[in-house]
Amino acid sequence: MKSISNHFVLVLSLFFTAQLASAQVHTVRITLPKNAGMITEHARQVLANQITNRCDAKIVDGKTAELNIELVTETTATSESFRITGDGKPNIRITGSDENGLIYGIGKFLRSSRFDQGGFTPGTWRGSSAPAGKARGMYFASHFGNFYEAAPIDEVSQYVDELALWGVNYLVLYFPEFQFTGFDDVAAQQLLTRLKSIMHVAKANGMKVGLLQVANGSFKSTPKELLNIPVPDQLHRRGDFGVNLNPAIPEAHTALTRQWALLMDQFKDVGLDVIVYWPYDEGGCGCSECWPWGSRGFPKLSNDLSKISRDKYPGIQVVLSTWVFDTPEAGEWEGLSKYLQKDKGLVNYIMADAHEDFPRYPLDKGVPGGLPLLNFPEISMWGQAPWGGYGANPLTDRLQHLWNETENKLSGGFPYSEGIYEDINKVICSQLYWNGQRFTADIVREYIAFEFSPDVVDQVAKALEIFESNHDREHINTSAKEAFRLIEDAEQKLTPRVRKSWRWRILYLRALIDREMFATKGKLEGETLKNAFNELTAIYHAEHGHSMPIHPPVIQ
Ligand SMILES: [Zn+2]
């Protein structure tokens with residue numbers, strides 16, 4: 001059924017595209033339905049900002065505008081879907097089945113529009129679309145002084161607005177207790193204020209918001225006698241970070257539940273919709289009562305904490321992550337299945353992913369508890385350090401490969417993001433959640449046309465392929481010169497606004513850095529690399545970032 005409807009949309013869009021020759025306009029009027037809600041009002045503002053930030057066209061109120069964009073919501077059976085109609089002379093109607101659908105319709109409309117022909121050239125895509133995946137999430141790891149923690153809040157807010165246009169409908173953030181002495185720590189309060197601001201913007205964009213937390217994580221002021229027993233980790237997969245308590249000690253369990261209640265209370269004025277519990281890297285306990293953590297201590301503690309969350313936020317959803325449960329000796333997948341067979345508790349989703357391939361267990365044996373499955377693609381850190389230190393890190397092929405491994409069994413996911421340098425990877429994941437039949441290379445082409453220009457799609461797509469083939473810093477080959485040439489050529493065709501945009505600069509700098517590193521045989525030296533790394537640092541606001549992993553390389 002899904003493939004038939006996709007096919008229909010494609011035919012429809014080609015048909016209409018052929019019918020519509022669009023001319024650029026300089027004045028645009030945007031109308032709203034009567035009694036528009038907060039999300040619709042915000043969507044109008046985002047649409048207006050996108051047009052005026054990208055070209056010289058103006059938003060006007062009068063009836064003399066060259067183009068009228070009518071935003072409408074009409075409830076249909078398919079939530080979050082949209083339809084775009086109208087001949088563009090002078091009317092275009094974007095209809096959402098709800099307020100969220102309206103945002104995604106605006107995104108699709110903008111992406112088929114042009115901004116580089118003097119004025120605004122309205123998009124010619126017509127048809128309708130509905131998402132396949134329900135939980136099209138994103139996880140901002142807000143720590144280490146990275147972009148989410150350090151950038152001016154307006155930049156982060158605009159970034160959230162822009163992600164919504166690609167269909168993102170969940171945003172989870174992180175409160176890293178181990179960085180602070182307690183909730184009254186000034187730095188903790190500063191971060192909490194920031195997290196709440198980001199959540200408010202996310203909600204204005206129709207997103208559900210929440211936290212991804214380490215179930216047994218705590219503040220750095222925790223007394224030593226409450227700490228965990230380190231987890232067995234012969235294969236060095238589970239990580240060993242943070243301040244982790246042993247919930248089998250009654251005082252530690254009491255401290256964790258008390259602290260959890262206080263954490264929940266910090267977000268009273270925003271409201272939380274989802275909690276993702278994290279097992280390892282930070283987290284875990286290897287004592288005889290907790291181990292294996294993934295099938296004993298972890299689900300038990302998560303359930304205790306979820307009762308507190310549900311008391312305070314009745315509709316809250318619970319996601320249990322199974323990260324690195326594929327380490328064979330502990331049998332955690334099997335154990336968790338047995339645990340949830342007896343009692344699913346409050347869990348709504350199982351999240352699975354790993355360092356490399358997608359875990360086979362939930363695909364071959366079924367998801368524990370028969371629950372819907374989410375992924376957690378690693379789009380940030382894979383194969384490069386410092387993370388984002390060399391500019392954009394498009395992983396088009398890798399994400400296609402990982403997606404194929406999931407056999408279309410996902411209900412969505414939460415890509416793991418450390419910053420904005422993996423913007424393309426975020427877009428790829430969001431669009432796969434929307435329509436799992438799409439090819440990642442096709443999504444990348446849509447991104448290039450929208451963010452840069454339809455005229456540079458072939459060149460830039462080819463350059464991005466080369467970036468991915470040169471991803472490993474130890475093996476940058478002569479193709480880096482070709483990628484730089486392609487990017488330099490493409491730049492000639494871009495508007496001054498696009499050339500200055502951070503999305504273009506991180507692509508340009510990646511091409512430049514790769515070419516230089518090929519020439520220096522990997523040595524980080526010389527003025528060109530120094531300036532490139534400094535510019536990236538400024539774009540990320542990473543001046544005070546944790547030196548490794550967040551700060552780009554420093555050349556004295
Ligand atoms: Zn324990």
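**View 1. The surroundings of R438 in this predicted model.** Setting aside neighbours within four places in sequence, R438 is in contact with Q400, Q431, L432, I443 and E446. To find R438 on the chain, look in the loop between α12 (423-434) and α13 (440-451). One of its partners deserves a second glance: the side chains of R438 and E446 are joined by a polar contact of 2.8 Å. Is R438 buried or exposed? With a relative accessible area of 15%, R438 counts as buried, because the cut-off for that word is under 20%.

**View 2. The zinc ion and its protein donors.** Here you can pick out N246 (OD1), C285 (SG), C287 (SG) and C290 (SG), which lie 2.1 to 2.3 Å from the zinc ion. Why is the arrangement tetrahedral? The 4 donor atoms subtend angles of 101 to 118° around the zinc ion, so the arrangement is tetrahedral. For comparison, the ideal angle for four tetrahedral donors is 109.5 degrees.

**View 3. The zinc donors along the chain.** Follow the chain and you will meet the donors with the spacing N-x38-C-x1-C-x2-C. N246 and C290 link distant parts of the chain, 44 residues apart. N246 sits in the loop between β9 (208-214) and α7 (250-265), while C290 belongs to the loop between β10 (274-278) and α8 (297-312). Both N246 and C290 are buried.

**View 4. The domains of the protein.** Stepping back, you can trace domain 1 (2-129), domain 2 (207-348) and domain 3 (448-550). Taken over C-alpha atoms, the centres of domain 2 and domain 3 are separated by 39 Å.

Methods: Residues are numbered from 1 along each chain as its sequence is written. This is a predicted model: local features need pLDDT of at least 70, side-chain atom pairs count only at pLDDT 80 or more; totals for chains, interfaces and linings use all residues. Side-chain values use heavy atoms; hydrogens and water are left out. Donors are N, O and S atoms within 2.8 Å of the metal (3.2 Å for Na, K and Ca); water is not among the atoms, so sites may look incomplete. Four donors count as tetrahedral if all angles lie between 85 and 135 degrees; four count as square planar and six as octahedral if opposite donors are over 155 degrees apart and all others between 65 and 115; anything else is irregular. Helices (H or I, at least four residues) and strands (E, at least two) are DSSP runs, numbered from the N terminus. Buried means under 20% relative accessible area, exposed over 50%, partly exposed in between (1.4 Å probe, protein chains only). A polar contact is a pair of N or O atoms within 3.5 Å; within protein, one must be able to donate a hydrogen and the other to accept it, and residues adjacent in sequence count only if both atoms are side-chain atoms. Contact means heavy atoms within 4.5 Å. Domain bounds come from an automatic or database domain assignment.
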